[in-house]
Amino acid sequence: MPRTTHPRAITSGLAAGQTAEAKDVLDAIIPLDKAIEDLRTGWLEFGQLRFDPTASTLTVTAGAITVTNSYHAITSAALQVLSTINGANQGDIIYLVRSGGADIIVGDYLLGANQGVWIVKEAVGFSVLASNGSLLRHAFRATRITSVQAIAASTNTKVQYNGVDYQQTTPLGANVYDPTTNYRYTPGRVGVYDFDILVTYSSAMDAGGLVVVTLAKNGSVIAQTNEFGTGVADLTIPLSHQDLATSASNYYEVFTYHFNAGSRNIYASATQCYFTGVRVGELN
């Protein structure tokens with residue numbers, strides 16, 4: 001209900017031609033005049049919701065800002081992923097517009113110059129209601145580059161995809177794929193992901209010999225595909241799988257093994273050895 005009410009003049013019991021008392025008329029006009037003035041100056045007050053169009057400019061630092069009203073211009077010296085809203089209560093609706101500096105990621109949106117976002121403060125974090133920024137796609141593509149990778153016989157070996165064609169950033173601003181140490185994908189956000197994997201052995205594989213490629217989640221195999229050697233090179237092994245990431249810390253890796261008599265190589269080729277993933281949405 002409105003915080004300010006607008007009573008009518010008391011007219012019950014008046015005969016034709018009679019008018020209300022002056023006090024009754026004033027009681028009706030004064031709150032109405034106050035409401036009109038509030039509208040003119042830009043204030044709308046309703047119970048628990050207040051919109052204050054008074055702008056101030058905030059700088060996003062280490063992923064956080066502290067708000068003082070409902071509308072803010074935001075800026076940043078370097079790309080920031082906004083993750084923390086201070087100075088707001090649960091249920092508050094806030095409008096942010098990027099006024100300058102580097103681009104800023106808010107939720108699933110990248111804000112360029114003069115682009116904005118409506119958010120609602122939650123008990124933990126916030127939710128995006130609407131934005132005219134660019135919708136981000138959570139995805140990556142890693143490849144094996146620079147040199148072949150030797151895979152020892154009868155040894156489950158992680159495929160070292162050491163190149164990255166593209167990748168998104170996590171909510172904390174870090175890269176999602178590690179091409180130098182762990183060779184793993186950590187999406188940083190829960191949801192359903194589609195994975196496409198390709199491993200191609202450049203060495204000739206023994207005819208009839210088993211060759212396996214697996215996708216592991218948090219160190220445990222969740223998908224596997226098998227091929228058998230033909231006695232010639234270029235054995236291609238594809239694997240596609242869909243999985244639900246239930247935690248921001250979930251991570252994914254690709255492994256391969258074979259039972260040839262000795263070590264065998266996989267290609268260093270962006271077209272013959274790759275690991276890709278894309279977030280397709282939430283799971284209700």
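This report covers the sheets, cores, salt bridges and a few loop residues of a predicted model.

**The mixed sheet**

Five strands make up an open sheet with mixed pairing. Their order is S3-S5-S8-S11-S12. Strand S3 (56–59) and strand S12 (126–131) are the edge strands, and each of them pairs on one side only. Averaged over the sheet and with direction ignored, neighbouring strands are turned by 35 degrees against each other.

Inside this sheet, strand S5 (residues 71–76) runs parallel to S8, and six bridges pair the two. One residue pair to look up is Thr75 with its bridge partner Gly100 in S8.

Strand S8 covers residues 93–101, and Ile93 belongs to it. Is Ile93 buried, partly exposed or exposed? Its relative accessibility is 31%, so Ile93 counts as partly exposed. Ile93 also joins Trp118 and Leu129 in a nonpolar surface patch. Together the three residues have about 260 Å² of accessible area.

The loop between strand S11 (116–121) and S12 holds Gly125. Gly125 is partly exposed, at 29% relative accessible area. In sequence, Gly125 and Ile85 are 40 residues apart. In space, their C-alpha atoms are 7.1 Å apart.

**The antiparallel sheet**

A four-strand open sheet has the order S16-S22-S19-S20, with antiparallel pairing. Strand S16 (157–158) and S20 stand at its edges. Each has a single partner strand, so one side of each lacks a neighbour in the sheet. Eight bridges pair S19 with S20 in the antiparallel sense. Here Val212 stands opposite Asn226 in S20.

**Strand S18 and its partners**

Strand S18 (residues 191–201) is mostly covered, with nine of its 11 residues buried. Which strands pair with S18? Strand S21 (residues 235–245) is antiparallel to S18 and joined to it by 11 bridges. Strand S24 (residues 274–281) is antiparallel to S18 as well, with seven bridges. Asp194 shows both contacts. Its bridge partner in S21 is Gln242, and its bridge partner in S24 is Val278.

**Nonpolar cores**

The largest nonpolar core has 28 residues. Tyr161 and Phe275 have the most contacts inside this core. At least two core residues come from each of strand S14 (139–143), S18, S19, S21 and strand S22 (252–258). S18 gives the most, with five residues. A second, separate core has 16 residues, including Val60, Leu82, Ile85 and Val117.

**Salt bridges**

Side chains of opposite charge can pair when their charged atoms come close. The count for this model is nine salt bridges. The table gives three of them.

| Acidic residue | Basic residue | N to O distance |
|---|---|---|
| Asp165 | Arg141 | 2.5 Å |
| Glu253 | Arg184 | 3.2 Å |
| Asp243 | Lys217 | 3.0 Å |

Take the Asp165 and Arg141 salt bridge to begin with. Asp165 is in strand S17 (residues 163–167) and Arg141 is in strand S14, so this pair ties together parts that are 24 residues apart in sequence. Asp165 is partly exposed, at 45% relative accessible area. Arg141 is buried, at 19%. The cut-off for buried is under 20%.

Next come Glu253 and Arg184, which also meet in a salt bridge. Glu253 lies in strand S22 and Arg184 in the loop between S17 and S18, 69 residues apart. Glu253 counts as buried because its relative accessibility is 4%. Arg184 is partly exposed, at 21%.

Then there is the salt bridge of Asp243 and Lys217. This pair links strand S21, which holds Asp243, to strand S19, which holds Lys217. The two residues are 26 apart. Are Asp243 and Lys217 buried or exposed? Both are buried.

Salt bridges that share partners also build a network. Its members are Asp108, Arg189, Arg279 and Glu282.

**Two residues with positive phi**

Most residues other than glycine have a negative phi. Ala62 has a positive phi of about 50 degrees. Ala62 sits in the loop between S3 and strand S4 (64–66), and is exposed at 69% relative accessible area.

Asn218 has a positive phi too, near 55 degrees. The loop between strand S19 (210–217) and strand S20 (220–228) contains Asn218. Asn218 counts as partly exposed, with 35% relative accessibility.

Terms used
Residues are numbered from 1 along each chain as its sequence is written. This is a predicted model: local features need pLDDT of at least 70, side-chain atom pairs count only at pLDDT 80 or more; totals for chains, interfaces and linings use all residues. Side-chain values use heavy atoms; hydrogens and water are left out. Patches are made of residues with over 30% relative accessible area and no salt bridge: like charges are joined within 9 Å, nonpolar side chains (Val, Leu, Ile, Met, Phe, Trp, Tyr) within 5 Å. Accessible areas come from the Shrake-Rupley method with a 1.4 Å probe; for residues, only the protein chains shown count as cover. A salt bridge is a side-chain nitrogen of Lys or Arg within 4 Å of a carboxyl oxygen of Asp or Glu. Buried means under 20% relative accessible area, exposed over 50%, partly exposed in between (1.4 Å probe, protein chains only). Two strands pair if DSSP finds at least two bridges between them. Axes are lines fitted to C-alpha atoms, for helices over the stretch in contact, and angles run from 0 to 180 degrees between N-to-C directions. A nonpolar core is a set of buried Ala, Val, Leu, Ile, Met, Phe, Trp, Tyr and Cys residues joined through side-chain atoms within 4.5 Å.
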